[in-house]
Amino acid sequence: MGMIGRYVRLSAGELARAERDPEWVLEFVGELDEEAGAGRSAGGWARLHGTGRAWQALDFLLRRREFPVDVVHGEEELAGAEDWGYGPPCRILPDRVRLAADALAALDPGRLTEGVAAADLAAAGVYPQGLWTSEDSLYLVTAEYRALSDFLRAVATRRHGVLVWIE
């Protein structure tokens with residue numbers, strides 16, 4: 001399947017518990033994954049989100065725009081957490097989620113890739129390198145951008161935070 005970006009929405013209380021007990025949140029995410037796999041988790045208030053293989057392209061494009069929040073990797077490593085794939089999860093606190101959601105809403109998805117060709121992503125070594133062979137591949141990035149924007153807006157509406165990781 002390859003490397004994918006993942007997110008879990010957590011309330012302030014759940015974030016605090018995750019900081020005290022990183023093993024708990026790993027088990028919690030496992031339970032959510034099982035529920036999602038069984039079709040019991042969906043809708044705007046979904047707990048889990050993923051950016052698929054577009055995670056590094058999103059990072060590349062958002063950094064070009066000097067995006068105010070690191071929505072791809074998170075902002076602060078969850079202390080004491082083990083490796084969840086390609087490092088431990090990082091958190092984005094509720095006030096920073098709101099800032100990210102507002103900034104994402106202000107940036108039209110079409111402008112995200114403005115001035116960038118698929119060849120630019122390939123030349124920069126953006127994962128997955130074999131994907132950036134056609135301009136059509138940029139549609140994948142804008143679709144994932146829209147979905148991430150919607151997810152973080154829903155998280156911000158609930159005044160929750162997120163954990164982010166690459167697996």
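## Helix packing and unusual backbone spots

In this predicted model, helix α1 (residues 12-20) packs with helix α2 (residues 22-37) at an angle of about 120 degrees, their axes lying 5 Å apart. Angles of 65 to 115 degrees would count as roughly perpendicular and those over 145 as roughly antiparallel, so α1 and α2 are oblique to each other. A second helix pair, α4 with α7, and a few backbone details are also worth a look, so here is a friendly tour by topic.

**The α1–α2 contact**
- On the α1 side, the contact with α2 is made by Glu-14, Arg-17, Ala-18, Glu-19 and Arg-20.
- From α2 come Pro-22, Trp-24, Val-25 and Phe-28.
- By class, these residues divide into five nonpolar and four charged, with no polar ones.

**The two sides of α1**
- Glu-14, Leu-15 and Ala-18 are the buried residues of α1.
- Viewed down the helix axis, they fall within an arc of 105 degrees, so they line one face of α1.
- Ala-12 and Arg-20 are exposed, on the face turned away from that buried side.
- The partners of the buried residues are β1 (5-10), α2, β4 (90-92), α4 (94-106) and β5 (161-166).

**The α4–α7 pair**
- Helix α7 (residues 137-157) packs with α4 at an angle of about 140 degrees, with 8 Å between the axes.
- These two helices are therefore oblique to each other as well.
- Their crossing is left-handed.
- α4 brings Val-97, Arg-98, Ala-100, Ala-101, Asp-102, Ala-103, Leu-104 and Ala-105 to the contact.
- α7 answers with Tyr-145, Leu-148, Ser-149, Leu-152, Arg-153, Val-155, Ala-156 and Thr-157.
- The contact of α4 with α7 holds 11 nonpolar, two polar and three charged residues.

**Helix α3 and the residue after it**
- Buried residues in α3 (residues 55-64) are Trp-55, Ala-57, Leu-58, Asp-59, Leu-61 and Leu-62.
- Just after α3, Glu-66 has a positive phi of about 50 degrees, although it is not a glycine.
- Glu-66 sits in the loop between α3 and β3 (76-77), and at 70% relative accessibility it counts as exposed.

**Backbone details on either side of α7**
- The peptide bond from Tyr-127 to Pro-128 is cis, with omega near -15 degrees.
- Pro-128 belongs to the loop between α6 (118-123) and α7.
- In the loop between α7 and β5 you will find Arg-159, another non-glycine residue with a positive phi, here near 60 degrees.
- Arg-159 counts as exposed, at 63% relative accessibility.

Key. Residues are numbered from 1 along each chain as its sequence is written. This is a predicted model: local features need pLDDT of at least 70, side-chain atom pairs count only at pLDDT 80 or more; totals for chains, interfaces and linings use all residues. Side-chain values use heavy atoms; hydrogens and water are left out. Axes are lines fitted to C-alpha atoms, for helices over the stretch in contact, and angles run from 0 to 180 degrees between N-to-C directions. Helices (H or I, at least four residues) and strands (E, at least two) are DSSP runs, numbered from the N terminus. Angles under 35 degrees count as roughly parallel, over 145 as roughly antiparallel, 65 to 115 as roughly perpendicular and the rest as oblique. Contact means heavy atoms within 4.5 Å. Ala, Val, Leu, Ile, Met, Phe, Trp, Tyr, Cys and Pro count as nonpolar, Asp, Glu, Lys and Arg as charged, and the others, Gly among them, as polar. Buried means under 20% relative accessible area, exposed over 50%, partly exposed in between (1.4 Å probe, protein chains only). The arc is that of the directions from the helix axis to the C-beta atoms. A crossing is left-handed if the near helix is turned anticlockwise from the far one by less than a right angle, and right-handed if clockwise.
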